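Reader: Could you walk me through one part of this protein in some detail? I'm in my first year, so plain language would be great.

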Amino acid sequence: MSVFTPVSAAELEAFLRGFDLGRLIDYSGVAGGAENSNFFVTTERGEYVLTLIERGSVEELPFMVSLLDHLHQAGLPVPYALRDRQGQALHRLNGRPALLQPRLPGCHPGEVDASHCHALGQMLARLHLETEGTGLQRRSDRGLDWMAEQASALQARSDEEARILLGELLPMVERLRARRPALPEAVLHADLFRDNVLFEGHHLTGLIDFHNAFRGWALYDVAICVNDWALAEQDGLDVRRAEALLAGYAAVRRFTALEAELWPDLLRVAALRFWLSRQLAAEQHAGQSGVLIKDPQHFRALLVHHRQVTVGLPLAL
Ligand SMILES: Nc1ncnc2c1ncn2[C@@H]1O[C@H](COP(=O)(O)OP(=O)(O)O)[C@@H](O)[C@H]1O
Ligand SMILES: N[C@@H](CCOP(=O)(O)O)C(=O)O
């Protein structure tokens with residue numbers, strides 16, 4: 001279970017007295033989170049999720065609160081920070097920044113098919129269209145500069161095969177850093193893996209965990225999703241699921257010619273980013289029990305496959 005900061009019933013009851021949500025009925029730590037401490041909370045008024053933020057700066061939280069307010073008002077199925085009686089969205093509990101949000105229905109899809117991918121693609125495009133014109137700004141702490149630095153450092157402590165792979169990827173990262181292509185921008189979720197999306201059957205009921213959100217290339221978000229949602233059994237991409245996701249997206253927001261040109265690179269950048277962050281997390285938490293460690297080798301294998309990208313972006317004729 002990934003609860004890094006425990007919360008007692010008495011502490012939670014005291015916290016809830018600040019809200020208008022009735023008395024605490026039950027609560028439990030959520031297994032499965034990798035970054036923050038989450039608790040499912042049931043009160044007389046309903047079901048909520050309490051999150052204690054374990055990583056990242058407190059100054060960035062108002063960005064996430066505003067983003068979720070904006071998306072909630074636009075009708076997207078996202079959680080948002082509940083205000084206490086004083087109208088406060090951000091709180092502190094046991095030394096951590098704390099947020100209380102409604103619990104969304106649905107669960108993470110076990111087996112993903114093309115229909116899930118199509119729905120996800122459509123929702124991702126809606127997220128981008130709803131945010132492209134907003135003034136919401138945040139830089140990523142896992143951007144190209146970070147990738148260049150971390151990839152060089154990993155290269156120095158890797159086996160030969162990984163050194164060669166990183167040696168191919170680093171010039172591409174440098175080219176993108178230097179060129180700064182004029183790709184369409186929006187606020188990205190930037191971590192929309194299967195464990196951050198909820199479905200009831202084939203109906204998408206929730207996008208959660210916006211802690212990595214930032215303003216950047218919309219196509220990068222698409223690449224992150226394809227790398228996870230269209231992953232084939234044997235590491236490469238499942239063409240049917242990848243095409244369904246891209247078609248769902250393109251039905252809501254059209255891709256540009258420049259996006260089509262840079263698509264293979266963006267798929268690689270998106271895989272590199274999670275290889276690096278998983279590798280760092282695996283090294284940092286090695287030997288610790290109770291922390292969910294995700295496999296970095298999986299993205300390394302995907303990058304070998306991405307030497308040849310066979311799924312192209314659909315362009316309107
Ligand atoms: N608003 C929510 N509604 C329903 N379930 C949620 C909500 N927020 C979190 N969860 C559950 O908690 C789990 C961990 O949340 P997440 O935000 O992904 O944690 P972390 O930031 O630690 O990765 C999710 O996989 C989901 O099952
Ligand atoms: N979903 C990611 C974990 C989130 O990335 P981080 O950089 O915020 O740790 C994964 O599956 O690796």
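I'd like to look at the second largest pocket: how many nonpolar, polar and charged residues does its lining have?

Author: Happy to, and keep in mind that what we have here is a predicted model. The lining of that pocket has 10 nonpolar, 4 polar and 8 charged residues. As for its size, the second largest pocket has a volume of about 480 Å³. It is lined by 22 residues, and the ones closest to the centre are G143, L144, R180, F214 and R215. If you'd rather think in helices and strands, α4, β9 (214-217) and α8 (257-284) each give at least two residues to this lining.

Let's follow α4 a bit further. Helix α4 covers residues 144-156, and its axis comes within 10 Å of the axis of helix α5, residues 160-179, with the two crossing at roughly 160°. An angle over 145 degrees counts as roughly antiparallel, so α4 is roughly antiparallel to α5. The crossing of α4 with α5 is left-handed.

Who touches whom? On the α4 side, the residues in this contact are L144, D145, A148, A151, S152, L154 and Q155, and they meet R163, L166, G167, L170, V173, E174, L176 and R177 in α5. Sorted by class, the contact of α4 with α5 has 8 nonpolar, 3 polar and 4 charged residues. You'll recognise L144 here: it takes part in the contact with α5, and L144 is also among the residues closest to the centre of our pocket.

F214 is another one to follow, and it takes us to the cavities. The structure holds 2 cavities of 30 Å³ or more, and the largest of them has a volume of about 50 Å³. F214 lines this largest cavity along with S140, R142, A190, N212, Y220, I224 and R273. So F214 shows up twice, since it is also one of the residues closest to the centre of the second largest pocket. By class, the largest cavity's lining has 4 nonpolar, 2 polar and 2 charged residues.

To round things off, here's the other cavity. The second largest cavity holds about 40 Å³ of space. Its lining is made of L237, L267, H305, H306, Q308, V309, T310 and V311. Those residues split into 4 nonpolar and 4 polar, with no charged ones. Compare that with the pocket you asked about, where 8 of the lining residues are charged.

How values were computed: Residues are numbered from 1 along each chain as its sequence is written. Chains are lettered from A and ligands numbered from 1 in the order in which they are written. This is a predicted model: local features need pLDDT of at least 70, side-chain atom pairs count only at pLDDT 80 or more; totals for chains, interfaces and linings use all residues. Side-chain values use heavy atoms; hydrogens and water are left out. Axes are lines fitted to C-alpha atoms, for helices over the stretch in contact, and angles run from 0 to 180 degrees between N-to-C directions. Helices (H or I, at least four residues) and strands (E, at least two) are DSSP runs, numbered from the N terminus. Angles under 35 degrees count as roughly parallel, over 145 as roughly antiparallel, 65 to 115 as roughly perpendicular and the rest as oblique. A crossing is left-handed if the near helix is turned anticlockwise from the far one by less than a right angle, and right-handed if clockwise. Contact means heavy atoms within 4.5 Å. Ala, Val, Leu, Ile, Met, Phe, Trp, Tyr, Cys and Pro count as nonpolar, Asp, Glu, Lys and Arg as charged, and the others, Gly among them, as polar. On a 1 Å grid over the protein atoms alone, a cavity is a set of points where a 1.4 Å probe fits but cannot get out, and a pocket is an open set with protein on both sides within 12 Å along at least five of seven lines; lining residues have an atom within 4 Å of a point. Grid points are joined across faces, edges and corners, and a volume is the space filled by probe spheres set on the points.
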